[in-house]
Amino acid sequence: MSNDRNDDGGVPVPSVPAGASGTAPAEYPPASPAGRGMFGNQGSGDVSGYGGLVRQRKPIEEAARPYGSYFDEVRDALEEAYPQFGDAIEKVVVDRGELTLHVRPERIAEVCQVMRDDMSLRFELCSSVSGVDYLSADGRRLHVVYQLTSMTYRRLVRLEAAVSAEDPHLPSVTAVYPTADWQERETYDMFGIVFDGHPALTRILMPDDWEGHPQRKDYPLGGIPVEYKGAEIPPPDRRRSYQ
């Protein structure tokens with residue numbers, strides 16, 4: 001943008017950049033698929049819209065034994081204590097120094113009960129229940145991740161269960177781990193995953209009459225206008241495209 005001087009007082013006035021129309025309305029960005037940039041940027045996994053980064057998804061593959069560390073002992077103990085192991089556990093994954101047991105959603109409460117009560121396992125604490133949305137990457141796109149801790153043996157393990165957006169139901173584990181109460185409510189609020197049997201499955205962050213689940217990847221950016229020093233900054237989905 002250049003500054004031109006008028007003939008009256010030499011006061012600089014901004015000139016219209018080449019190729020722009022001063023009377024044209026703002027151009028709003030089209031809806032971008034999940035994992036792509038905002039502000040009309042396409043072909044990038046960089047959600048800021050500037051860096052051009054692309055994240056390559058690595059397929060989740062079952063680990064081969066021996067797993068290493070205490071992971072083999074945990075699997076063997078669960079397999080011995082839980083006769084339905086072969087039906088309940090979809091796969092065992094070891095990645096980045098963590099053991100993850102992928103559990104059929106209808107079996108998650110049973111597996112948690114055994115993980116807590118069996119003397120060879122003793123995972124007494126569920127420290128976290130959180131959601132993940134793998135939009136366009138998995139038919140069962142909504143995953144629930146449980147972080148379990150054994151304070152007896154000083155061990156960690158992850159349980160993961162996947163459900164579809166069309167049928168996002170799985171049993172609540174609050175009867176086994178009371179700490180999961182508000183964590184399941186937050187996962188329900190943000191991702192719309194329904195935990196059957198929860199004592200009071202209501203929203204915990206958003207108002208009760210809020211429509212949609214904000215951390216799903218197909219949820220619109222939305223937002224509210226912000227006034228800053230006399231200027232109004234529109235929410236992200238109402239800003240013009242950067243070209």
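Let's start with glutamate 73, which counts as partly exposed at 47% relative accessibility. That label sits between two others: buried means under 20% relative accessible area and exposed means over 50%, using a 1.4 Å probe and protein chains only. Keep in mind that this is a predicted model, where local features need pLDDT of at least 70, side-chain atom pairs count only at pLDDT 80 or more, and totals for chains, interfaces and linings use all residues. Residues are numbered from 1 along each chain as its sequence is written, and side-chain values use heavy atoms, with hydrogens and water left out.

So what does glutamate 73 pair up with? Its side chain meets that of arginine 155 in a salt bridge, at 2.7 Å from N to O. To count as a salt bridge, a side-chain nitrogen of Lys or Arg has to be within 4 Å of a carboxyl oxygen of Asp or Glu. The two partners are 82 residues apart and link distant parts of the chain, with glutamate 73 in helix 1 (residues 71-81) and arginine 155 in strand 7 (residues 155-163). Helices (H or I, at least four residues) and strands (E, at least two) are DSSP runs, numbered from the N terminus. Arginine 155 has 14% relative accessibility, so this residue counts as buried.

Strand 7 turns up again with arginine 158, which is joined by a salt bridge to glutamate 98; here the closest N and O atoms are 3.9 Å apart. Because glutamate 98 lies in strand 4 (residues 98-103) and arginine 158 in strand 7, this pair ties together parts that are 60 residues apart in sequence. Glutamate 98 is partly exposed at 37% relative accessibility, whereas arginine 158 is buried at 16%.

Next, have a look at aspartate 133 and arginine 141, whose side chains meet in a salt bridge of 2.6 Å, N to O. Both of these residues are buried. Elsewhere, Arg65, Asp72 and Asp76 are joined into one network by salt bridges that share partners. Altogether, the count comes to 15 salt bridges.

Now for the cysteines. A disulfide is a covalent bond between the sulfur atoms of two cysteines. The rule used here asks for a pair of cysteine sulfur atoms within 2.5 Å, and the structure holds zero disulfides. Why is cysteine 112 not bonded to cysteine 126? The sulfur of cysteine 126 is the closest cysteine sulfur to that of cysteine 112, but the gap is 6.5 Å, which is too far for a bond. Cysteine 112 is buried at 0% relative accessibility, and cysteine 126 is buried too, with a relative accessible area of 1%.
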